[in-house]
Amino acid sequence: MTPVPYRVLARSPETADTWTLTLEPLAEPVIPTPGQFNMLYAFGVGEVPISTSSGPEAGGALVHTIRDVGAVSHALAAAEPGSVIGVRGPFGTTWPLETARGRDLVIVAGGIGLAPLRPAVYHALGNRDQFASVSVLVGARSPAELLFLHELEEWRARFDIEVGVTVDHAGEDWHGRVGVVTQLVPRASFDPATAVALVCGPELMMTFAARALTERGMPKDSIYISMERNMQCGLGHCGHCQLGPVLICRDGPVFRFDEMEALMGIEEL
């Protein structure tokens, strides 16, 4: 329950309202694995759950990509290098990268959902021989809201993975695809019978992405999604993140789609 103090090493803009913080520990470090989240504490303001977005640049540091949408996330996103924030964790379940070993890997991200998937992408790139095909499908509402643009270009320049990028709408200066990210699924090169899919984004986007994957023939128990609903304590004590019989912070945030599909379809929940 006691936050570990972390100093902000770097603060980098991603979009108009999203920033990436690189943090170094001032005590015993927190060591998350891809898919897990930490509770980040802005002293005097409060704390929020943020999934790790660490890539190979992290070394022993933590990397979190934060969208400025409330008082706490605003304080965190505005934290300047040298300032100190608190970190509790790591919490939650992980992306099933061991399950995907030897199989096709499909990563589908919508908007800020690319941040929790970034560690999984770099795991696949750093262990490329452990997977068959790797497809990274990314969508955003507009070109200005695409995360990690430089990295997307680097990934697209590789010859050993497939990268698809689309936006919902764009101006004349955009020369890429226009449309929702689910439209990339039918064109992607993977064997749906054996592939494993990792999906993260808004809940509606994840539902439609999972449906597009099942329409390709992928079993629902091979599709994994990351949920982030009202998590406040990280320990399953407060009950704010309850979704039917599960507590997202305790039982998730990564779930198989077949475990969540019915619950996500109940409007009252």
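This briefing covers the sheets, helices and pockets of the structure above. The model is predicted. One open sheet has 6 strands with antiparallel pairing. Another open sheet has 7 strands, and its pairing is mixed. The largest pocket holds about 1,100 Å³ of space. Ile 112, in the loop between β7 and α2, is among the residues nearest the centre of that pocket.

**The 6-stranded sheet**

- The strand order is β4-β3-β6-β1-β2-β5.
- β4 (46-51) and β5 (62-67) are the edge strands. Each has a single partner strand, so one side of each has no neighbour in the sheet.
- Neighbouring strands here are turned by 40° against each other on average, with direction ignored.
- Strand β1 (residues 4-15) pairs with strand β2 (residues 18-25) in the antiparallel sense, over 8 bridges. The two form a hairpin, with 2 residues between them.
- Within this pairing, Ala 10 has Thr 22 of β2 as its bridge partner.
- β2 is also joined to β5, by 6 bridges, and these strands run antiparallel. Here Trp 19 stands opposite Ile 66 in β5.
- Towards the β4 edge, strand β3 (residues 37-42) runs antiparallel to β4 and is joined to it by 6 bridges. Met 39 faces Pro 49 of β4 across this pairing.
- As background, strands of a sheet pair through backbone hydrogen bonds, in either the parallel or the antiparallel sense.

**The 7-stranded sheet**

- The strand order is β10-β9-β8-β7-β11-β12-β15.
- The edges are β10 (177-178) and β15 (254-256). Each of them has a single partner strand, so one side of each is left without a neighbour in the sheet.
- β12 (residues 223-226) has pairings of both senses. With β15 it runs antiparallel, joined by 3 bridges. With β11 it pairs in the parallel sense, over 3 bridges.
- Two opposite positions mark these pairings. Ser 226 stands opposite Val 254 in β15. Leu 198 stands opposite Tyr 224 in β12.
- In a regular strand the side chains alternate between the two faces of the sheet.
- β12 shows such a split: Ile 223 and Ile 225 point one way, while Tyr 224 and Ser 226 point the other way. All four residues are buried.

**Helices on the 7-stranded sheet**

- Helix α4 (residues 203-215) lies across β7, β11 and β12. The helix runs at about 160° to β11.
- Helix α2 (residues 114-126) packs on the sheet. The strands that α2 touches are β7 (105-110), β8 (134-140) and β11 (196-200). The direction of α2 makes about 155° with that of β7.

**The largest pocket**

- This pocket is lined by 45 residues. Nearest its centre lie Arg 67, Ile 112, Gly 113, Gly 201 and Pro 202.
- The elements giving two or more residues to the lining are β4, β5, α1 (71-77), α2, β8 and α4. Among them are β4 and β5, the edge strands of the 6-stranded sheet.
- α4 provides the largest share of this lining, with 5 residues.
- The lining divides into 23 nonpolar, 14 polar and 8 charged residues.

**The second largest pocket**

- About 350 Å³ of space lies in this pocket.
- It has 19 lining residues. Closest to its centre are Pro 32, Pro 34, Ser 54, Gly 55 and Pro 119.
- α2 gives the largest share of the lining, 4 residues.
- The lining comprises 10 nonpolar and 9 polar residues, and no charged ones.

**A closer look at Ile 112**

- Ile 112 sits in the loop between β7 and α2.
- Why does Ile 112 count as partly exposed? Its relative accessible area is 34%, and the class spans the range between the buried limit of 20% and the exposed limit of 50%.
- Leaving aside neighbours within four places in sequence, Ile 112 is in contact with Thr 18, Thr 65, Arg 67 and Leu 147.
- Thr 18 is 94 residues away from Ile 112 along the chain, yet their C-alpha atoms are separated by 8.5 Å.
- One of these contacts, Arg 67, is also listed with Ile 112 among the residues nearest the centre of the largest pocket.

Technical notes. Residues numbered from 1 in each chain as written. Predicted model: local features only at pLDDT ≥ 70, side-chain atom pairs only at ≥ 80, totals over all residues. Heavy atoms only, no water. Pairing = 2+ DSSP bridges. Axes fitted to C-alpha atoms, helices over the stretch in contact; angles between N-to-C directions. Contact = heavy atoms within 4.5 Å. 1 Å grid on protein atoms, 1.4 Å probe; cavity = no way out; pocket = protein on both sides within 12 Å on 5 of 7 lines; lining within 4 Å. Points joined across faces, edges and corners; volume = space filled by probe spheres on them. Nonpolar A, V, L, I, M, F, W, Y, C, P; charged D, E, K, R; others polar. Buried < 20%, exposed > 50% of the residue type's maximum accessible area, 1.4 Å probe, protein only.
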